[in-house]
Amino acid sequence: MEISNNPLSLFNYIGNNNTQADDVLNKLAQGTSADVAGGFEVLESGLSRGEFEETLELLENGEIDIDLNIIENYQQFNQQKLDREIAQLAERFDLSSEIVVSIQNGELLVEGDSDNAKALQQYFDKDSRLNTLVQQTAKLSQFVEWGQAKEQAAVYQEQDMPEEQLLDFLTDARLVVTQGNEFYMSDKGSAFYSQGHTQFLVDKIEE
């Protein structure tokens, strides 16, 4: 497969499981048929019915394709709600130092064994609404990063980046979705480990 002769071949394959290519590309080719037109409606209706996990699973499997700006808007909206929640938490708990919360197998695990960390863990365990908000926003952040990575890969392809280097970039970028995420909070706000992952990879290439 020569990228220079067929600039769309790599991304055609990413959305086409039937094309023959190496194992790395096969793992990246999560998509099947994409319904761009119905993507927004699916996301909107999924959220309104509380079927957020099911909707994100459709996104991850490539069964729906939603404009990246839409996902970014939802992520930013959720992030704003989270920051307000964290500001309220800062009034009840000591968030003067950054608190790290691991997101593993659908659970939030506050790192550390201090009394403050234990109290925060109990709070997250009891407040299912906040727990869900953190996990949903974490997943949105991951999908935003993966979407940005695919857009950047298209730019690299147009610039005739060697195929092996391009595959390495996409493989590393895909980890933001497949690996775990972390939530950071302090009295200054909150953020996720996944945020900035794509830019980090771009900066490495440009060094």
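Does F124 count as buried or exposed, and why? F124 has a relative accessibility of 1%, and buried means under 20%, so F124 counts as buried. This residue serves as a way into the structure, which is a predicted model.

F124 sits in helix α6. Leaving out residues up to four places away in sequence, F124 touches V101, L108, V110, L130, N131, V134 and M185. One of these, L108, lies 16 residues from F124 along the chain, and the C-alpha atoms of the two are separated by 7.1 Å. Helix α6 itself covers residues 115-126 and has the highest mean pLDDT among the elements of the protein, at 96.

That score leads to the question of confidence across the model. The average pLDDT of the protein is 78, and 71% of the residues score at least 70. The lowest mean among the elements, 36, belongs to helix α1, residues 9-14. Over residues 1-37 the pLDDT is below 50. In the model this stretch has 68 contacts beyond near neighbours in sequence.

Next comes the overall layout. The protein has 207 residues, and 43% of them count as buried. Its secondary structure comes to 9 helices and 4 strands. Read from the N terminus, the elements follow the order α-α-α-α-α-β-β-α-α-α-β-β-α. Taking contacts between residues at least 6 apart in sequence, 69% join residues at least 24 apart. The accessible surface is about 11700 Å², and carbon and sulfur atoms account for 45% of that surface.

The 4 strands form an open sheet in the order β2-β1-β3-β4, with antiparallel pairing. Strands β2 and β4 are the edges of this sheet, and each pairs on one side only. On average, neighbouring strands are turned by 25 degrees against each other, direction ignored. Strands of a sheet pair through backbone hydrogen bonds, either parallel or antiparallel.

The sheet can be followed strand by strand. Strand β1 (residues 99-104) is joined to β2 by 4 bridges, and the two run antiparallel. They form a hairpin with 2 residues between them. In the turn, N105 has a positive phi of about 50 degrees. Two pairs of residues show how the strands line up: V101 has V110 of β2 as its bridge partner, and S102 stands opposite L109 in β2.

Strand β2 (residues 107-110) has side chains that alternate. L108 and V110 point to one face and are buried, while E107 and L109 point to the other face and are not buried. L108 and V110 are also among the residues that F124 touches.

On its other pairing, β1 is joined to β3 by 5 bridges, again antiparallel. Here V101 stands opposite F183 in β3. β1 is mostly covered, with 5 of its 6 residues buried. Strand β3 (residues 181-186) is in turn joined to β4 by 4 bridges, and these strands run antiparallel. The bridge partner of Y184 in β4 is A191.

Helix α5 (residues 68-92) lies across β3 and β4 and runs at about 130 degrees to β4. This helix has 25 residues and reaches 36 Å from its first C-alpha to its last, close to the 36 Å expected at 1.5 Å a residue. Its buried residues include L68, I70, I71, Y74, L82, I86 and L89, along with E72, Q75, N78, Q79 and E85.

Q79 in helix α5 can be examined in the same way as F124. Why does Q79 count as buried? Q79 has a relative accessibility of 9%, and the cut-off for buried is under 20%, so Q79 counts as buried. Leaving aside neighbours within four places in sequence, Q79 is in contact with T137, S190, A191, F192 and Q195. A191 has already appeared, as the bridge partner of Y184 in β4.

Another helix to trace is α7, residues 128-158. Helix α7 has 31 residues and reaches 46 Å from its first C-alpha to its last, close to the 45 Å expected at 1.5 Å a residue. After α7 comes D160, whose phi is positive, near 60 degrees.

Technical notes. Residues numbered from 1 in each chain as written. Predicted model: local features only at pLDDT ≥ 70, side-chain atom pairs only at ≥ 80, totals over all residues. Heavy atoms only, no water. pLDDT = per-residue confidence, 0-100. Contact = heavy atoms within 4.5 Å. Buried < 20%, exposed > 50% of the residue type's maximum accessible area, 1.4 Å probe, protein only. Pairing = 2+ DSSP bridges. Areas by Shrake-Rupley, 256 points an atom, 1.4 Å probe, with all protein chains shown as cover. Expected span 1.5 Å × (residues − 1). Axes fitted to C-alpha atoms, helices over the stretch in contact; angles between N-to-C directions.
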